[in-house]
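Work through these exercises on aromatic rings with the model open. Try each task before reading its solution.

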Amino acid sequence: IINYYEGTKVPSFYRIMFKSIVEELLEKSLLERKDLFLTDFEILSGNKIRIVIDGDKGVLVEDCMFISRAIEHNIDRDEYDFSLEVSSAGASAALTISRQFVKNIGRVLQVRTNDNNYEAELVEATSDEIKLKWKQREPKKIGKGKVTVEKEINLLYKDINEAKVKIKF
């Protein structure tokens, strides 16, 4: 089967094979660097490879270069014309996988669900859910005035629309 790909006829197996090669090289490089993990990966038209990584202790430029070289130096440019972009998730990027939540335990998150928005400390993260804690002023049960109470909630990842680390300046 021939598909049109960037204005030229390119067999669909070509794209599948190219993606497979990139995935294999990416997986191998991440096995070498167990402190790094993948948050996003795609191959766009024209063989533009876009990889976003994160790390248990953050990501340095050298980490991006390591992943980039592991891929770039092992694909024949005469056979596959491609561009490669490797970047870090970034401080303002949404948390998308459980490993990112684990690395941010103890930090304040802004979490949006269908039912509510939370700004709270992330105190626990498992493979299925997170636990948030915060303090809130509520009216006293008896008498006038307010009292500070500690609240907590467990949220399943599937119920979270977006979660970001609150950046303090």
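**Rings and charges**

In this predicted model, the charged end of Arg 77 lies over the ring of Phe 82, 3.9 Å from the ring centre.

**Exercise 1.** Find the ring under the charged end of Arg 33 and give the distance to its centre.

*Solution.* Start at the charged end of Arg 33. The ring beneath is that of Phe 66, with its centre 5.6 Å away.

**Exercise 2.** How many aromatic pairs are there? Classify the pair of Phe 18 and Tyr 80.

*Solution.* Step one: the count is four aromatic pairs. Step two: the centres of Phe 18 and Tyr 80 are 5.1 Å apart, and the planes meet at 35°. Step three: tilted pairs are those neither under 30 degrees nor over 60, so Phe 18 and Tyr 80 are tilted.

Next, place the residues. Phe 18 belongs to helix H1 (residues 12-32), while Tyr 80 is in the loop between helix H2 (61-72) and strand S5 (83-88). The pair therefore ties together parts 62 residues apart in sequence. Phe 18 and Tyr 80 are both buried.

**Exercise 3.** Classify the pair of Phe 18 and Phe 82, then locate both residues.

*Solution.* The ring centres are 6.0 Å apart and the planes are at 45°, so this pair is tilted. Phe 18 is in helix H1 and Phe 82 in the loop between H2 and S5, so the pair links parts 64 residues apart in sequence. Both Phe 18 and Phe 82 are buried.

**Exercise 4.** Which residues form one aromatic cluster?

*Solution.* Join the two pairs worked out above. Phe 18, Tyr 80 and Phe 82 make up one aromatic cluster.

Methods:
Residues are numbered from 1 along each chain as its sequence is written. This is a predicted model: local features need pLDDT of at least 70, side-chain atom pairs count only at pLDDT 80 or more; totals for chains, interfaces and linings use all residues. Side-chain values use heavy atoms; hydrogens and water are left out. Rings of Phe, Tyr and Trp (its six-membered ring) pair if their centres lie within 6.5 Å; planes under 30 degrees apart count as stacked, over 60 as edge-to-face and the rest as tilted. Helices (H or I, at least four residues) and strands (E, at least two) are DSSP runs, numbered from the N terminus. Buried means under 20% relative accessible area, exposed over 50%, partly exposed in between (1.4 Å probe, protein chains only). A charge sits over a ring if NZ of Lys or CZ of Arg is within 6 Å of the ring centre and within 35 degrees of the ring normal.
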